[in-house]
Amino acid sequence: MKASVLQEAGARHRWRAWRRTRPFYAGLLMIAGAIVLVAISWVDLGLLRLTGTAGAATWTISTLLTVAGLTTWTSSSRRHFTGSLAVVLALCSLIAANLGGLLLGFFFAAAGGCLALAWTPLPQQPHTSPGKSPSGGA
C-alpha cells in the first residue's frame, strides 16, 4: 500500500516538473481551439453546416493548430514560431472556419498563441555543494 502511494507521489512530482518547464497551458489552449473548430463544423446547426472548401479549411486549420500545440509542448524553444502560427491560424479561422468556431475556437487558439509568445523559461539555479556559497567564496 505504501509503495503505491510513493509511486503515485513520484509520478505526480515528475508530471508537475515536466509541466512547469514548458508552455503547457499555451499548447493546451491551442489544442482546445482546434477541437472546438472541428466540433462546431460537425454540429448540425442548420444554416451553419460546413461542407466543401469551408469544411476542408476547418480541418486544415484544426490540424495545424493541433500540431502547433503539440510542438509547443515537446519543443519549447520553438514557442515563438508556434505561437505566431497559432495567432495567424486563429485569425484565418474567423474567415474560413465558420467565424472561428462561433468565436470560441478563435479565442482559445489566439490565447494559446499569445501565451506561447509570452512564456519564458525559469532561470536555472546553479548547483552548489553544501560547503560552498553560490558566490564562489568559502
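Tutor: Before we start: a residue counts as buried when its relative accessible area is under 20%. Keep in mind that this is a predicted model.

Student: Okay, so what share of the protein's residues count as buried?

Tutor: Of its 138 residues, 33% do.

Student: And how many helices and strands does the secondary structure come to?

Tutor: There are 6 helices and 0 strands. Reading from the N terminus, the order is α-α-α-α-α-α.

Student: Let's take a pair. At what angle do the axes of α2 and α6 cross?

Tutor: At roughly 160°, with the axes coming within 7 Å. That makes α2, residues 24-42, roughly antiparallel to α6.

Student: Is the crossing left-handed or right-handed?

Tutor: Left-handed, as α2 passes α6.

Student: Switching to the surface: which residues make the nonpolar patch?

Tutor: Tyr25, Leu28 and Leu115 make it, and the patch covers about 280 Å².

Student: Where is the place of Leu115?

Tutor: Leu115 sits in helix α6, which spans residues 104-118.

Student: Why can Leu115 count towards a surface patch?

Tutor: Patch residues need over 30% relative accessible area, and Leu115 has 39%, so Leu115 passes that cut-off. That value also makes Leu115 partly exposed.

Student: New topic. What is odd about the phi of Leu103?

Tutor: Phi of Leu103 is near 70°, a positive value in a residue other than glycine.

Student: Where does Leu103 lie?

Tutor: Leu103 is in the loop between α5, residues 98-102, and α6. With a relative accessible area of 33%, Leu103 is partly exposed.

Notes:
Residues numbered from 1 in each chain as written. Predicted model: local features only at pLDDT ≥ 70, side-chain atom pairs only at ≥ 80, totals over all residues. Heavy atoms only, no water. Patch = residues over 30% accessible without salt bridge, like charges linked within 9 Å, V, L, I, M, F, W, Y side chains within 5 Å. Areas by Shrake-Rupley, 256 points an atom, 1.4 Å probe, with all protein chains shown as cover. Salt bridge = Lys/Arg side-chain N within 4 Å of Asp/Glu carboxyl O. Helix = DSSP H or I, 4+ residues; strand = E, 2+ residues; numbered from the N terminus. Buried < 20%, exposed > 50% of the residue type's maximum accessible area, 1.4 Å probe, protein only. Axes fitted to C-alpha atoms, helices over the stretch in contact; angles between N-to-C directions. Parallel < 35°, antiparallel > 145°, perpendicular 65-115°, else oblique. Left-handed = near helix turned anticlockwise from the far one by under 90°.
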